[in-house]
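Good morning, colleagues. Please take a moment with the sequence and the structure before I go through the fold.

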Amino acid sequence: MPIEQARRYMEAALDLARQAAKSGEVPVGAIVVKDGEIIGRGSNRPIAGHDPTAHAEIVAMREAAAKLGIDRLIGCDLWVTLEPCAMCAGAIAHARITRLYYGASDPKGGAVEHGPRLFEQPTVHHRPEVYGGICEEEAAILLKKFFADKR
């Protein structure tokens with residue numbers, strides 16, 4: 001994938017993360033892309049929605065699945081600003097996301113390349129291609145600033 005296109009997709013996810021931060025939510029944003037078109041958008045909103053499952057990835061996948069009218073997102077790519085947690089990684093596998101692109105690593109809460117490394121487990125039925133570190137610095141700075149401002 002051309003670097004310009006990768007930056008455009010991750011920038012769309014970063015814009016959603018910035019919106020989450022303005023709402024007092026942890027700044028994570030995600031988009032679902034199919035055939036070059038963004039079909040799902042999400043930003044963290046567990047506080048506003050009183051919903052612990054309302055992580056950016058879940059919100060984006062729900063919107064994409066509703067738009068397509070199916071429960072499997074085969075042929076879709078997920079772009080997210082932070083390495084997904086165990087809940088989101090499980091949902092990504094169940095949705096059959098083809099490729100996962102993420103920005104910042106999450107050594108404490110991540111479950112893709114840290115922690116349980118969910119996609120490496122023998123019980124996982126689907127493993128997306130994973131590409132991390134896309135616009136990593138921008139995503140990490142956004143998170144660090146959010147938490148520094150909270151202190």
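Which residue in E2 does Val-33 stand opposite? It is Ile-38. I should say at the outset that this is a predicted model.

Let me place that pair in its surroundings. Val-33 belongs to strand E1, which covers residues 29-34. E1 is mostly covered, with 5 of its 6 residues buried. Its partner E2, residues 37-43, runs antiparallel to E1, and 6 bridges join the two. Together E1 and E2 make a hairpin with 2 residues between them. In that turn, Asp-35 has a positive phi of about 50°.

E1 also pairs with strand E3, residues 76-82. Here 5 bridges join the strands, and the direction is again antiparallel. One position to look at is Ala-30, which stands opposite Val-80 in E3.

We can now turn to the sheet as a whole. It is an open sheet of 5 strands in the order E2-E1-E3-E4-E5, and its pairing is mixed. The edge strands are E2 and E5, the latter at residues 129-131, and each of them pairs on one side only. On average, neighbouring strands of this sheet are turned by 15° against each other, with direction ignored. As general background, strands of a sheet pair through backbone hydrogen bonds, either parallel or antiparallel. The parallel kind appears between E4 and E5, which are joined by 3 bridges. Within that pair, Arg-99 stands opposite Glu-129 in E5.

Next, the helices against this sheet. Helix H1, residues 3-22, packs on the sheet and touches E1, E2, E3 and E4. The direction of H1 makes about 145° with that of E1. Helix H5, residues 136-150, lies across E3 and E4 and runs at about 55° to E4.

Helix H3 has 13 residues. From its first C-alpha to its last it reaches 18 Å, close to the 18 Å expected at 1.5 Å a residue. Its buried residues are Ala-56, Glu-57, Ile-58, Val-59, Ala-60, Met-61, Ala-64 and Ala-65. What do these buried residues of H3 pack against? They pack against E1, E2, E3 and H4. Just after H3, Gly-69 takes a positive phi of about 70°.

Helix H4, residues 86-95, has Cys-88, Ala-89, Gly-90, Ile-92, Ala-93 and Ala-95 among its residues, and these are buried. The buried residues of H4 pack against H3, E3 and E4.

That brings me to the cysteines. How many disulfides does the structure hold? The number is 0. A disulfide is a covalent bond between the sulfur atoms of two cysteines. The cut-off applied here is a pair of cysteine sulfur atoms within 2.5 Å. For Cys-88, the closest cysteine sulfur is that of Cys-85, at 3.8 Å, so the two are too far apart for a bond. For Cys-76, the closest cysteine sulfur is that of Cys-88, at 16 Å, which is also too far for a bond. Cys-76 is buried, with a relative accessible area of 0%. Cys-88 is buried as well, with a relative accessible area of 0%.

I would also draw attention to Asn-44, in the loop between E2 and helix H2. Is Asn-44 buried or exposed? Asn-44 counts as buried because its relative accessible area is 10%, and the cut-off for buried is under 20%. The side chain of Asn-44 reaches the backbone oxygen of Val-26 at 3.3 Å. Leaving aside neighbours within four places in sequence, Asn-44 is in contact with Ala-20, Glu-25, Val-26, Val-28, Ala-54, His-55 and Ala-56.

Finally, two arginines with positive phi. Arg-96 has a positive phi of about 65° although it is not a glycine. This residue follows H4 and lies in the loop between H4 and E4. At 22% relative accessibility, Arg-96 counts as partly exposed. Arg-117 also is not a glycine, yet has a positive phi of about 45°. Arg-117 sits in the loop between E4 and E5. Its relative accessibility is 37%, so Arg-117 counts as partly exposed.

Thank you for your attention.

Conventions:
Residues numbered from 1 in each chain as written. Predicted model: local features only at pLDDT ≥ 70, side-chain atom pairs only at ≥ 80, totals over all residues. Heavy atoms only, no water. Buried < 20%, exposed > 50% of the residue type's maximum accessible area, 1.4 Å probe, protein only. Helix = DSSP H or I, 4+ residues; strand = E, 2+ residues; numbered from the N terminus. Pairing = 2+ DSSP bridges. Contact = heavy atoms within 4.5 Å. Polar contact = N/O pair within 3.5 Å; in protein donor to acceptor, adjacent residues only side chain to side chain. Expected span 1.5 Å × (residues − 1). Axes fitted to C-alpha atoms, helices over the stretch in contact; angles between N-to-C directions.
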